[in-house]
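Colleague: Can you pull up the model and take me through it? I would like to start with the helix packing.

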Protein chains: 2
Amino acid sequence: MDKKEIFNATTPDCPIRNIIAHITDKWSLLVLYTLEQNNVLRFNDLWRQIPDISQKMLTSTLRHLEEDGIISRELFAEVPPRVEYRLTKRGMSLLPHLDALIAWGIEHFDEIVKDRNKKK
Amino acid sequence: MDKKEIFNATTPDCPIRNIIAHITDKWSLLVLYTLEQNNVLRFNDLWRQIPDISQKMLTSTLRHLEEDGIISRELFAEVPPRVEYRLTKRGMSLLPHLDALIAWGIEHFDEIVKDRNKKK
């Protein structure tokens, strides 16, 4: 990153506010992670793997990820209609960075939870 | 990550829900990024660099990052009292992953914004 990009990163229309924070909310991370583990999934399969998400929130999360070109939604005109979600090329380019972040979270999970409880 | 860890990553007490999503919200990312660029900052300096955050939200964001041991808060008994924030060793180990994510966001910023507008 050069100086100009560092500056841009904290202005109101910056990538952190407009791009990164959108894909690193809890549900987006879980959807992306689940798609990575499964390659392609229908709505109900995704829901089964993230049981504590509401139907409305899953729908909204999928729509936002699709709008940002991170995942694709393919509709098959069958009866009943089949809808499949998968990562796009752009989404796949994001995954290694999320993997690294999740690995960090797994590595530090126990000590962070312990620290939190200490302060309560 | 081994199989067990992959499984753990989507259970209700998983690292995504409990650790990662806490530090990748918009304001936490901006605070961490700003601290990285400045090494050590007082509350008001941080606030000046993230002008659209409310005082209440900055206070709450700093407290959560401190609870998770990502940043440290040092109070100097001066008049008026001085409070300094900096990244901890744990926070510094997180930074390269956030940097990679932010660099990804900068790289894809224009095309994602364009895609979003296309769909509206």
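Modeller: Start with α6(A) and α2(B), which are roughly perpendicular to each other. This is a predicted model.

Colleague: What angle and axis distance go with α6(A) and α2(B)?

Modeller: They pack at an angle of about 100 degrees, with axes 9 Å apart. An angle from 65 to 115 degrees counts as roughly perpendicular, hence the label for α6(A) and α2(B).

Colleague: Which residues make the contact?

Modeller: From α6(A), A:Leu101, A:Ile102, A:Gly105, A:Ile106, A:His108, A:Phe109 and A:Ile112. From α2(B), B:Pro15, B:Ile16, B:Ile19 and B:Ile20.

Colleague: And how does the contact of α6(A) with α2(B) split by class?

Modeller: There are 9 nonpolar and 2 polar residues, and no charged ones.

Colleague: What about α6(A) against α6(B), parallel or antiparallel?

Modeller: Roughly antiparallel. Helix α6 covers residues 89-118 in chain A and in chain B, and the two pack at about 170 degrees with their axes 10 Å apart. The crossing of α6(A) past α6(B) is left-handed.

Colleague: Which side chains should I look at in α6(A) and α6(B)?

Modeller: On α6(A), the residues are A:Arg90, A:Leu94, A:His97, A:Ala100, A:Leu101, A:Trp104 and A:His108. They meet B:Arg90, B:Leu94, B:His97, B:Ala100, B:Leu101, B:Trp104 and B:His108 of α6(B). By class, that contact has 8 nonpolar, 4 polar and 2 charged residues. A:Leu101 and A:His108 belong to this contact and also to the one with α2(B).

Colleague: How are the two copies related?

Modeller: As by a two-fold rotation axis. Chain B is superposed on chain A by a rotation of 180 degrees with 0.0 Å of shift along the axis, at an RMSD of 0.0 Å. In chain B, the C-alpha nearest the axis belongs to B:Thr24, 2.8 Å from it.

Colleague: How many residues does each chain put into the contact?

Modeller: 42 from chain B and 42 from chain A. On the chain B side, α1 (3-8), α2, α3 (26-38) and α6 each supply at least two residues. α6(B) gives the most, with 15 residues. The side of chain B that touches chain A has 22 nonpolar, 9 polar and 11 charged residues.

Colleague: Why do you say the copies meet through the same surface?

Modeller: Because 100% of the interface residues of chain B are also interface residues in chain A.

Colleague: Staying inside chain A, what does α6(A) do with α3(A)?

Modeller: Their axes come within 11 Å and cross at roughly 110 degrees. That makes α3(A) roughly perpendicular to α6(A). A:Leu29, A:Leu32, A:Tyr33 and A:Glu36 of α3(A) contact A:Gly91, A:Leu95, A:Leu98 and A:Ile102 of α6(A). Those residues divide into 6 nonpolar, 1 polar and 1 charged. A:Ile102 is listed here and in the contact with α2(B).

Colleague: Changing topic to the backbone. Where is the cis peptide bond in chain A?

Modeller: Between A:Val79 and A:Pro80, with omega about -5 degrees. A:Pro80 sits in the loop between β2 (71-76) and β3 (82-87) of chain A.

Colleague: What does chain B have there?

Modeller: A cis peptide bond joins B:Val79 and B:Pro80, with omega about -5 degrees. B:Pro80 is in the loop between β2 (71-76) and β3 (82-87) of chain B.

Colleague: Which residue other than glycine has a positive phi in chain A?

Modeller: A:Asn39 is one, with phi near 70 degrees. A:Asn39 is in the loop between α3 (26-38) and β1 (40-42) of chain A.

Colleague: Last topic, confidence. What are the ipTM and pTM?

Modeller: The model scores 0.86 for ipTM and 0.86 for pTM. Chain A has a mean pLDDT of 88, and 91% of its residues reach 70 or more.

Colleague: Where in chain A is confidence lowest?

Modeller: In helix α1 (residues 3-8), at a mean of 48. Confidence in chain A is highest in helix α5 (residues 55-67), at 96. Where pLDDT is low, the predicted coordinates should not be read in detail.

Terms used: Residues numbered from 1 in each chain as written. Chains lettered and ligands numbered in written order. Predicted model: local features only at pLDDT ≥ 70, side-chain atom pairs only at ≥ 80, totals over all residues. Axes fitted to C-alpha atoms, helices over the stretch in contact; angles between N-to-C directions. Helix = DSSP H or I, 4+ residues; strand = E, 2+ residues; numbered from the N terminus. Parallel < 35°, antiparallel > 145°, perpendicular 65-115°, else oblique. Left-handed = near helix turned anticlockwise from the far one by under 90°. Contact = placed C-beta atoms within 7 Å. Nonpolar A, V, L, I, M, F, W, Y, C, P; charged D, E, K, R; others polar. pLDDT = per-residue confidence, 0-100. Least-squares fit on C-alpha atoms with pLDDT ≥ 70 in both.
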